[in-house]
Amino acid sequence: MKQRNSTYILSLCLILLLSIESLFAANKPKVYRWYAPSSPIYQALWQSFKSSRTDRTPLRIVHLGDSHITSGFTTVPIRERLCGQYGDSIQVQHWGINGATYVTYSIQAEIDRIVKAKPDLLIVSLGTNDSYTFRFSAEEFRANMATFFTLLEKSLPNLPIVMTTPPPSFLKTASRVAYARGRARGKRKSVPRTVVNYSYNKNTGTAARTMDYLARQRGYTLINLYGSIGTEREANHWLAKGWMHTDRTHYTVAGYTKHGEYIAAALVEIIEQSKPLVGHK
């Protein structure tokens, strides 16, 4: 009897501790991980955001990327937050290419498309497809990014750029196995089936660090979406909540909305923490 009471009390204590941990986790302020250079080009742009509500000067933002961006679910919260904060003179458009990598955009036709949009700020959300492979090379990835940005800078040398790192994903493997089912003339029949397994894609973290290094090296702003979401445990939490798609690569509308909210919140932090340049009104 005493043993049962002890087990019961221990269970209650464990439940209480887990409840307290969940409560603190729910109320823990979100940390938006980002890097912003102090160069005059960026500081002038951030000040333009602050003054856009009163001077009504249009600011054009282009958000490009892969299939995460195609639907527009990530871009909508960015548009809503920036327009709500700085006025409806903020113009945000997006486009995405399914399966796109940095190589996809490293052609003159895509560079010309960006130039034609005349952006004051370019948000680049790529890296998922670059890192979704079992043979990922950080050096090759860095070279591909450098090729794209070098081409872009030739046409738009003073364009402020915000890079966002890819969100977490899981690598999929499938194998054909045989299992016994029923009997055929006294013998068990072997029937093939496909077994699907998922493993956490650690390449995404490597890609995020590579992007952070390149952004600092070239003087770009970077918003670490991967770092803001968290670890494998957090990714599984997103999956359980229905924010990550069951294919474990894409996200649901709710998940993409959260991505956009994270990016928008980080942008507002960057803008609000910027300092006026000497002589800038």
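This report covers the nonpolar cores, one helix pair and the residue Asn224 in a predicted model.

## Basis

Residues are numbered from 1 along each chain as its sequence is written, and side-chain values use heavy atoms, without hydrogens or water. In this predicted model, local features need pLDDT of at least 70 and side-chain atom pairs count only at pLDDT 80 or more, while totals for chains, interfaces and linings use all residues.

## Nonpolar cores

The largest nonpolar core (buried Ala, Val, Leu, Ile, Met, Phe, Trp, Tyr and Cys residues joined through side-chain atoms within 4.5 Å; buried means under 20% relative accessible area, 1.4 Å probe, protein chains only) holds 49 residues. Trp46, Phe49, Leu82, Tyr102, Phe149 and Met163 have the most contacts inside it. The element that gives the most to this core is helix α11 (residues 253-273), with seven residues; helices are DSSP runs of H or I, at least four residues, and strands runs of E, at least two, numbered from the N terminus.

A second, separate core has 14 residues, including Ala208, Tyr226, Trp238 and Leu239.

## Helices α2 and α4

Helix α2 (residues 40-55) packs with helix α4 (residues 75-86) at about 65°, the axes being 8 Å apart. Axes are lines fitted to C-alpha atoms over the stretch in contact, and angles run from 0 to 180 degrees between N-to-C directions. In α2, Phe49, Lys50, Ser52 and Arg53 meet Leu82, Cys83, Gly84, Gln85 and Tyr86 of α4 (contact: heavy atoms within 4.5 Å).

## Asn224

Asn224 sits in the loop between β8 (221-223) and α9 (225-229), and is buried at 16% relative accessible area. Beyond its neighbours within four places in sequence, Asn224 contacts Arg33, Thr165 and Ala208. A polar atom of the Asn224 side chain lies 2.7 Å from the backbone nitrogen of Gly227.

Terms used
Buried < 20%, exposed > 50% of the residue type's maximum accessible area, 1.4 Å probe, protein only. Polar contact = N/O pair within 3.5 Å; in protein donor to acceptor, adjacent residues only side chain to side chain.
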